[in-house]
Amino acid sequence: MEKIEVLLEAFPYIKKFSGCTFVVKYGGAAMEEEGLRKEFARDVALLKYVGVNPVIVHGGGPQIERMLARLNIPTRFVDGLRVTDEETLEIVEMVLSGAINKAIVQAIHNAGGQAIGLSGKDGKLITAEKTKGKDIGFVGDVVRVNAKILKDISNSGHIPVVAPLAAGADGATYNVNADTAAGSIAKALRAEKLVLLTDVPGVLDADLKPISSMTGREARILAKSDAVRGGMIPKITCCLDALHGGVKKTHIIDGRVAHALLLEVFTDLGIGTQIAGE
Ligand code: ADP
Ligand code: MG
C-alpha cells in the first residue's frame, strides 16, 4: 500500500512536468560519494524517461584542489579568492571537462540514460567576459548562452551534462561559477525549475533552521542579512536572477540525502528550500 501511495503522489507531478526542462547544478557530496553518485544518475535517467528534460551543470572545486595539490601547483589567493592563472586553468579544464564531465556521462549511461557531455566552450554554449574588479585570472561572468545546442541535445533524447567553462570573446577560456552557469542556462532555456544541490539542508535562517519556502522578496532580504554568507550568496543571487529571467521555481536542496532530486520534485513536502514568486 505504501508503495502505491508513493506512486500516486508522484503521478500529478509527472503529468505536470512532462515536457518541462529542469536545470540541475550538481556538486558537493552527491558528486563525491559513490552511492549518492549512482542514485543521482538514476534520478536523472528516470526524469528523462518520464518526459522531463534534465540539463546537468556540474562543479568540481574539491577535485580541482586535489589535482593541484598532487601536481604541486601552488595556489595564490587575492582577498580569499583563488587566482586562476594559466597553469591553474589548464588543470581546471582537465579536471572539469575531462575527468568529472565524462564520469557523470558514464554514470548516467550506467543508470540507463543517454548523456552527452560538453563544456561551455563547445559550440560557444557559454560566452563569458573576464570578471571585473580585482584580478583573479581566468574567471569569467556569463555574457550569453546558446540555448539551441542544449535544446537539440535534449530533443534527440539525450541528457546534456555541462562543465562550467566558457569561451571568451577575447579568445581566452574562462572558468565560471557553476551555480551562476546553471542559473544562466536555466534562464536561456526558460526552465520550469533550477535545482541547486549542495551539502546543507537548504537555506538556513538566523537560528540555523532550514527554510522550506521563500518568496523572491523574502530571499532578497535574507541574502542581505548576516544569516547568509560564503557560497550561499551566489546560490541565492542566481536563484533570484533565474526567477527574474522567467524560471518558474528554484530549489536549493541537500545533495547528501539519497534521491534528493526526486524527493524534491515528485513529493508533496519536498526537501530543502524553494524560492519562487514575489
Ligand atoms: P557548493 O559546493 O554546493 O557550491 P558552497 O560551499 O559554495 O557549496 O555553498 C554552501 C555553503 O554556504 C554551506 O556549506 C554553508 O557553509 C554556507 N552558508 C552560508 N550561509 C548559509 C545559510 N544561510 N544557509 C545555508 N548555508 C549557508
Ligand atoms: Mg559554491
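A nonpolar surface patch joins side chains of Val, Leu, Ile, Met, Phe, Trp or Tyr lying within 5 Å of each other, on residues with over 30% relative accessible area and no salt bridge. Keep that in mind for the opening stop. The model is predicted.

**Stop 1: the N terminus.** Select Met1, Ile4, Leu7 and Leu8. Together they make a nonpolar surface patch of about 470 Å². Now isolate Met1. Is Met1 buried or exposed? Met1 is exposed, because its relative accessible area is 76% and the cut-off for exposed is over 50%. Met1 sits in the segment before helix 1, which spans 2-17.

**Stop 2: the sheet.** Move to the four strands that form an open sheet. Trace them in the order 7-6-9-10; the pairing is mixed. The edges are strand 7 (140-145) and strand 10 (173-175), each pairing on one side only. Neighbouring strands here are turned by 50° against each other on average, direction ignored.

**Stop 3: inside the sheet.** Select residues 126-130, strand 6, and residues 165-168, strand 9. In which sense do strand 6 and strand 9 pair? They run parallel, joined over two bridges. Zoom in on Ala128: opposite it stands Gly168 of strand 9.

**Stop 4: the helices on the sheet.** Add residues 86-110. This is helix 5, which packs on the sheet and touches strand 9 and strand 10. Its direction makes about 70° with that of strand 10. Next, show residues 178-188, helix 7. Which strands does helix 7 lie across? Helix 7 crosses strand 6 and strand 7, running at about 15° to strand 7.

Definitions and conventions
Residues numbered from 1 in each chain as written. Chains lettered and ligands numbered in written order. Predicted model: local features only at pLDDT ≥ 70, side-chain atom pairs only at ≥ 80, totals over all residues. Heavy atoms only, no water. Pairing = 2+ DSSP bridges. Axes fitted to C-alpha atoms, helices over the stretch in contact; angles between N-to-C directions. Contact = heavy atoms within 4.5 Å. Patch = residues over 30% accessible without salt bridge, like charges linked within 9 Å, V, L, I, M, F, W, Y side chains within 5 Å. Areas by Shrake-Rupley, 256 points an atom, 1.4 Å probe, with all protein chains shown as cover. Salt bridge = Lys/Arg side-chain N within 4 Å of Asp/Glu carboxyl O. Buried < 20%, exposed > 50% of the residue type's maximum accessible area, 1.4 Å probe, protein only.
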